[in-house]
Amino acid sequence: MILVKTETGQQVLKDRSVPLSPRQRTAFILFDGKRSVDDVIAAGAGIAREDIDQMVALGLLSPLGGAVAETPASSAEGAPKAGSGRSSQQRYTDAYPIATRLTASLGLKGVRLNLQVEGAGGYEDLVALAPKIRAAVGPEKAEPLDRALYD
């Protein structure tokens, strides 16, 4: 699969509004519409498929031509699935940008919670933070997060 930077991704590259680790930033730059995901991983930047999946979920990268393809990390590699058939990894990938957006919208009072979300390493971490996020933003605003985590 070949990924390209989105408009949002181009802007983030310039203004650094979304914090990327040094290895994510290096790999992000390599996505030029010519190199495949495997090529970028093989380039030796120390990037993992999960990092790439996160950049796709954040809307920084998209498949060339807009085609949606599933990477092995986002597929059901033995991960438990719930009602909608999505794996825990896919739920995390879907919920992470929502949780980040919600906590970032809280301004200074949400800084600590936003840092906790950014440090969440997986689905279980986001599930543990969901009640705090819901309490901070209210049940109506938290509804998209609940759908991403539990549907």
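**Exercise 1. Describe the nonpolar surface patch that includes V111, and decide how far V111 itself is open to the surface.**

Solution. In this predicted model, the residues L108, V111 and L115 come together as a nonpolar patch on the surface, and their accessible area together is about 340 Å². The next step is to place V111, which is found in helix α6, a helix that covers residues 111-118. The last step is to compare its accessibility with the cut-offs: partly exposed lies between under 20% for buried and over 50% for exposed, and V111, at 40% relative accessibility, therefore counts as partly exposed.

**Exercise 2. Set out the overall make-up of the protein, from its helices and strands to its surface.**

Solution. Begin with the elements, of which there are 8 helices and 2 strands. Reading along the sequence then gives their order, which is β-α-α-α-α-β-α-α-α-α. Turning to burial, one finds that buried residues make up 42% of the 151 residues in the protein. Among the contacts with a separation of 6 or more, 54% are accounted for by residues 24 or more positions apart. Finally, the accessible surface of the protein comes to about 8200 Å², and carbon and sulfur atoms hold 54% of that surface.

**Exercise 3. Work out which residues of α4 are buried and what covers them.**

Solution. First list the buried residues of α4, which are D51, I52, D53, Q54 and M55. Then look for their cover, which includes the strands β1 (3-5) and β2 (61-63) together with the helices α2, α3 and α5. To complete the description of this region, follow the chain to G59, just after α4, where phi takes a positive value of about 80 degrees.

**Exercise 4. Find the largest cavity, give its volume and name the residues that line it.**

Solution. The structure holds 1 cavity of 30 Å³ or more, and the space in the largest cavity is about 30 Å³. Its lining consists of E50, D53, Q54, A57, Q89, Y92, T93 and Y96. Sorting this lining by element shows that α4 (49-57) and α5 (88-104) are the elements that give two or more residues to it. Two of the lining residues, D53 and Q54, are also among the buried residues of α4.

**Exercise 5. Locate G121, state whether it is buried or exposed, and relate it to Y92.**

Solution. G121 lies in the loop between α6 and α7, the latter spanning residues 123-137. Its relative accessible area is 64%, so G121 is exposed. As for Y92, a residue that also lines the largest cavity, it is 29 residues away from G121 in sequence, while the C-alpha to C-alpha separation of the two in space is 8.9 Å.

**Exercise 6. Contrast the loop residues R16 and S36 in their location and accessibility.**

Solution. Take R16 to begin with, which lies in the loop between α1 (7-15) and α2 (22-30). With a relative accessible area of 55%, R16 is exposed, and its phi is near 55 degrees, which is a positive value in a residue other than glycine. Now take S36, found in the loop between α2 and α3 (37-42). S36 counts as buried because its relative accessibility is 17%, under the 20% cut-off. When residues up to four places away in sequence are not counted, S36 touches M1 and I2.

Conventions
Residues are numbered from 1 along each chain as its sequence is written. This is a predicted model: local features need pLDDT of at least 70, side-chain atom pairs count only at pLDDT 80 or more; totals for chains, interfaces and linings use all residues. Side-chain values use heavy atoms; hydrogens and water are left out. Helices (H or I, at least four residues) and strands (E, at least two) are DSSP runs, numbered from the N terminus. Buried means under 20% relative accessible area, exposed over 50%, partly exposed in between (1.4 Å probe, protein chains only). Patches are made of residues with over 30% relative accessible area and no salt bridge: like charges are joined within 9 Å, nonpolar side chains (Val, Leu, Ile, Met, Phe, Trp, Tyr) within 5 Å. Accessible areas come from the Shrake-Rupley method with a 1.4 Å probe; for residues, only the protein chains shown count as cover. A salt bridge is a side-chain nitrogen of Lys or Arg within 4 Å of a carboxyl oxygen of Asp or Glu. Contact means heavy atoms within 4.5 Å. On a 1 Å grid over the protein atoms alone, a cavity is a set of points where a 1.4 Å probe fits but cannot get out, and a pocket is an open set with protein on both sides within 12 Å along at least five of seven lines; lining residues have an atom within 4 Å of a point. Grid points are joined across faces, edges and corners, and a volume is the space filled by probe spheres set on the points.
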